[in-house]
Amino acid sequence: MKRFTKPFTQQLPIPESAISSAVEVMQTGRLHRYNTLDGERSEADLLDMQFAQYLDMKYCLSCASGGYALYVALLCAGVKSGDAVLCNAFTLAPVPGAINNAGGKPVLVETTDDLTIDMADLADKAAISGARFLLLSHMRGHLVDMDALMALCDEKGIVVIEDCAHTMGASWNGKKSGTFGLVSCFSTQTYKHINSGEGGFLVTNDDEVMAKAIIYSGSYMLFDRHPTLPPIETFKTIATATPNYSGRMDNLRAAILRPQLSSLDKQCERWNALYGAFESALAVLPGIRLPVRPEAEHFVGSSIQFAFPQLTNADFPTLIQECEKRGVTMKWLGDTSPSGYSSKYDHWAYLDSPGQLSQTERVLGALLDMRIPLTFEESDSTLIAAVISEVLEELGYPHKSA
Ligand SMILES: *Cc1c(COP(=O)(O)O)cnc(C)c1O
């Protein structure tokens with residue numbers, strides 16, 4: 001029996017430079033973002049500036065989590081209680097959760113075989129629901145044709161909010177993910193592309209969205225201290241009309257994120273080298289289908305998805321278990337019961353009947369998901385593919401069909 005021994009959830013250590021800056025912050029005792037000396041920029045301020053500059057956007061607000069950023073982004077975009085909000089059926093629990101938190105009603109849109117939002121179904125669902133908002137989740141880093149998507153949404157007057165939890169560092173046709181929508185959100189939670197345990201960003205070029213986001217995040221009347229600040233008149237009514245929902249980033253986490261952000265592009269290149277190795281190693285497995293990734297999509301390969309369309313629902317649990325015994329951890333995205341980090345749209349029982357999503361059922365029903373941590377080497381892909389191959393063979397796959 002073949003066996004792989006590295007853990008799939010092991011992150012790289014926090015870089016030494018980040019550790020020293022965290023220690024410096026702790027030595028000052030000034031951990032709160034507004035606790036600064038005269039003329040001093042806090043680490044949270046510097047992080048806002050650095051990420052805004054990275055994306056070439058006007059405004060960035062560092063937040064307590066990605067889910068918080070999404071929730072506030074929806075409110076800032078104008079979602080009111082009872083509003084329909086379109087979103088990908090293939091996404092993670094924090095996405096419909098953010099819509100629910102904002103008082104919206106998720107309207108789920110089908111997924112294509114290449115794991116992006118289905119444009120035809122988007123147009124249909126928009127027409128049926130009358131939704132004026134789309135929370136577009138670039139789930140597992142798969143970017144839909146962003147030019148076509150923005151054209152459709154602009155034509156229909158749909159406001160786009162981007163969930164870039166898996167696309168920090170990615171771009172479409174040379175334009176960075178997170179620069180297309182009215183407002184975009186990122187996560188710096190441990191399993192994303194930079195790691196502060198918990199954390200997130202909200203970015204926008206819109207004055208009112210940013211002014212509201214700053215007040216929501218809990219700036220009290222210190223909003224004018226923000227380094228990426230809309231014209232001060234923007235706050236005139238917003239400052240008192242907007243509640244405080246306390247979701248600030250603190251200086252300690254900002255301190256460990258800044259050096260990681262400086263090396264983000266380099267880390268993304270490593271991820272893509274690993275992804276390339278995994279893609280090639282897996283491609284030879286019998287009956288496998290790997291997502292087609294368009295030329296215009298510059299993705300970050302921090303995970304890989306692949307389908308075995310001819311395996312049956314009964315085969316998948318065995319495949320997963322047998323691979324796990326051999327040290328290879330994968331998720332079956334079609335699993336009927338939620339487990340670990342993943343769940344499927346029909347597990348979110350608080351949703352009003354999500355309706356029949358037969359295409360998404362078919363796609364997820366055959367789909368496997370594997371993390372690619374940066375603690376892996378390209379050569380690990382060979383053994384991992386060999387393990388899966390061994391288990392498939394035991395399952396007698398591909399089945400000799402008539
Ligand atoms: C992680 C994640 C989020 C939310 O991020 P948190 O920082 O954990 O709140 C949102 N969307 C997707 C697709 C995610 O994977």
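**Disulfides.** I searched the whole structure, which is a predicted model, for disulfides, taken as pairs of cysteine sulfur atoms within 2.5 Å, and the search found 0 of them. A disulfide is a covalent bond between the sulfur atoms of two cysteines. Which cysteine sulfur is closest to that of Cys-63? I found it in Cys-185, at 7.4 Å, which is too far for a bond. Cys-63 has 1% relative accessibility and therefore counts as buried, where buried means under 20% relative accessible area, exposed means over 50% and partly exposed lies in between, with a 1.4 Å probe and protein chains only. I also looked up Cys-323, which is buried at a relative accessible area of 0%.

**Ground rules.** I number residues from 1 along each chain as its sequence is written, and side-chain values use heavy atoms, with hydrogens and water left out. Because the model is predicted, local features need pLDDT of at least 70 and side-chain atom pairs count only at pLDDT 80 or more, while totals for chains, interfaces and linings use all residues.

**Ligand shell.** I listed the residues around the ligand, counting a residue as near if one of its heavy atoms lies within 4 Å, and 15 residues surround it, the closest being Gly-66, Gly-67, His-166, Ser-187 and Lys-192. By class the shell divides into 5 nonpolar, 8 polar and 2 charged residues; here Ala, Val, Leu, Ile, Met, Phe, Trp, Tyr, Cys and Pro count as nonpolar, Asp, Glu, Lys and Arg as charged, and the others, Gly among them, as polar. Helix H3 (66–77) and helix H4 (94–101) each supply at least two residues of this shell, and H3 gives the most, with 3 residues. Helices are DSSP runs of H or I with at least four residues, strands are runs of E with at least two, and both are numbered from the N terminus.

**Ligand oxygens.** I then checked distances to oxygen atoms of the ligand: a polar side-chain atom of His-166 lies 2.6 Å from one, an N or O atom in the side chain of Ser-187 is 2.7 Å from one, and a polar backbone atom of Gly-66 is 2.8 Å from one. Taken alone the ligand exposes 380 Å², of which the protein buries 92%, the areas coming from the Shrake-Rupley method with a 1.4 Å probe.

**Helix H2.** I compared the length of H2 (residues 43–55) with expectation: at 1.5 Å a residue its 13 residues should span 18 Å, and its end C-alpha atoms are 18 Å apart, which agrees. The expected span is 1.5 Å times one less than the number of residues. Of the 13 residues of H2, 10 are buried, so the helix is largely enclosed by the rest of the structure; among them are Asp-45 and Asp-48.

**Arg-33.** What does the side chain of Arg-33 contact? Arg-33 sits in the loop between helix H1 (16–28) and H2 and counts as buried at 2% relative accessibility. Its side chain makes polar contacts (N or O atoms within 3.5 Å, one able to donate a hydrogen and the other to accept it; residues adjacent in sequence count only if both atoms are side-chain atoms) with the side chain of Asp-45 at 2.8 Å and with that of Asp-48 at 2.7 Å.

**Positive phi.** Most residues other than glycine have a negative phi. I noted Asp-56, just after H2, with a positive phi of about 55°, and Leu-115, with a positive phi of about 70°. Asp-56, in the loop between H2 and strand S1 (59–63), is exposed at 69% relative accessible area, whereas Leu-115, in the loop between strand S3 (105–109) and helix H5 (119–129), counts as buried at 3%.
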